[in-house]
Amino acid sequence: MAYSGMTASYHGLHLMNIATEECSLKRVPIPSRRFHGFSTSLWSSNGFQGKRELSAYTELVSSCRCSSTIDQLANLREKARPVVQFDFKEYLQSKAISVNEALERAVPLRYPEKIHEAMRYSLLAGGKRVRPVLCIAACELVGGTEELAMPTACAMEMIHTMSLIHDDLPCMDNDDFRRGKPTNHKVFGEGTAVLAGDALLSFAFEHIAVSTSKSVGSDRILRVVSELGRTIGSQGLVGGQVVDISCEGNSSVDLATLEWIHIHKTAVLLECSVVCGAIISGASENEIERIKSYARSVGLLFQVVDDILDVTKSSKELGKTAGKDLITDKATYPKLMGLEKAKQFAVELLGRAKEDLSCFDPKKATPLLGIA
C-alpha cells in the first residue's frame, strides 16, 4: 500500500504473528554476545540477538517445530551472560507521550478552524510514533537529548501524516479507514483533506527552523531542512509513490523495482528521521552513514511485514482495509517471493539492521534495536 501505514506494520512486527499462525511460543529473553548482555527485541521487548539467535529464528520460520525451538533458545540463554532487561514498550510509550504533547502544542486549534481541525484530526489520531521516536533515539545515540530532537521529530510525524492523508484519497489508494477511524477526506471532504496535508507539509519545515534550540548551529538546521526536502520530493516519497501507482496491475514488476519503490516510498522517511536526529546531535559522517544503513533495512523490513499482514490479517486487526493489494493486483513481497521467502527476507533485513548498529554503545543503541 502506498506510503504504508506504520502503525499496522508495527503491530504485526511481533514474532509470533510473522513466524506462523500455528505456533504459540513463550517470550524467551536471549542476551546477545555482541551487545554485551543487553537484551533487546526482535519485534517487541524481548527477542533474538546475533547470528546464533537469528539462525534459531530462521529455523523457527522454516520448520515451525515449536517445542524443539524453545529448547534451543533456552540452551542459548544458559550459555550467555546475565541479562540486563530493557523495557522497550515503556520506552516507546514514554517517548510517544512526549511527542503527542509536543504535537498538541505545535498545532493548536485556531482560525480558520476547519483546516486546523482537519490537520489535528489526523496528526493526533494516535499510532506508535515510530518515526519521531527513531529521530529522538538516533539523537540520543550520539550524545543528544530528547529536547534537542523534538522539533525535528515532530516534523517527521507531520510529514508522515501528510503522506497518509494524501495516500487515502480516492485518486490514490481510496481508503475509508486509517488507524481504526474514518479517513480525513471521509470526515472533512476531499478538498480540505488535500489542503490539510499541504499545510502539515509546509509547517514541518517552519517548525524545524523556528523551534529548534538555538544551541544547534544553523549549518546543522540547514542540513536537516535539506535532507527533509530531498526525502519528500521526486527522488523520495513522491518518486516512490509515482512508480508504485504506475506498477499497479503490471505483472512484469520484478523484485528490483519493488525494492526501489519501497526504499523511496517507505524506507526513505525512516532513514530521514534517524539521519536528521543524528545531524541535530552533531554526529560524525561515519556515524550518520551507519545509522542511515540501519534505517534503510528497517524501512524495508516494515514494508515486508506490512505486505505479509495484508494477506494474513483482518481489517479489524490492522485498523485499515485488509486485502487491498490483492484486489488491485499490486506487486508485493509475498506475491513476488512467496509468503515463506518473504518472512525469511524479513529475518535477513533484521540481521543487517543489527549489524549496522554494532559499532555504537550497546546501551544507547538498545532503543533502535528494539524498534527493529
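Which residues lie nearest the centre of the second largest cavity? Ser 122, Ala 125, Asp 168, Arg 178 and Asn 184 do, out of 13 that line this cavity. Bear in mind that this is a predicted model, where local features need pLDDT of at least 70, side-chain atom pairs count only at pLDDT 80 or more, and totals for chains, interfaces and linings use all residues. Residues are numbered from 1 along each chain as its sequence is written, and side-chain values use heavy atoms, with hydrogens and water left out.

A word on the hunt for holes. Rolling a probe the size of a water molecule over the atoms shows where empty space is left. Here a cavity is a set of points, on a 1 Å grid over the protein atoms alone, where a 1.4 Å probe fits but cannot get out, and a lining residue has an atom within 4 Å of a point. Points are joined across faces, edges and corners, and the volume is the space filled by probe spheres set on them. That gives 5 cavities of 30 Å³ or more, and the second largest has a volume of about 110 Å³.

Who builds its wall? Helix 6 (113–123), helix 8 (146–167) and strand 4 (181–182) each put in at least two residues, with helix 8 giving the largest share, 3 residues. Helices (H or I, at least four residues) and strands (E, at least two) are DSSP runs numbered from the N terminus.

Now hop over to helix 13 (residues 255–281), home of His 262. His 262 counts as buried (under 20% relative accessible area, 1.4 Å probe, protein chains only) because its relative accessibility is 3%. Beyond its neighbours within four places in sequence, His 262 is in contact (heavy atoms within 4.5 Å) with Ala 267, Leu 300, Gln 303, Asp 307 and Tyr 333.

Methods
On a 1 Å grid over the protein atoms alone, a cavity is a set of points where a 1.4 Å probe fits but cannot get out, and a pocket is an open set with protein on both sides within 12 Å along at least five of seven lines; lining residues have an atom within 4 Å of a point. Buried means under 20% relative accessible area, exposed over 50%, partly exposed in between (1.4 Å probe, protein chains only).
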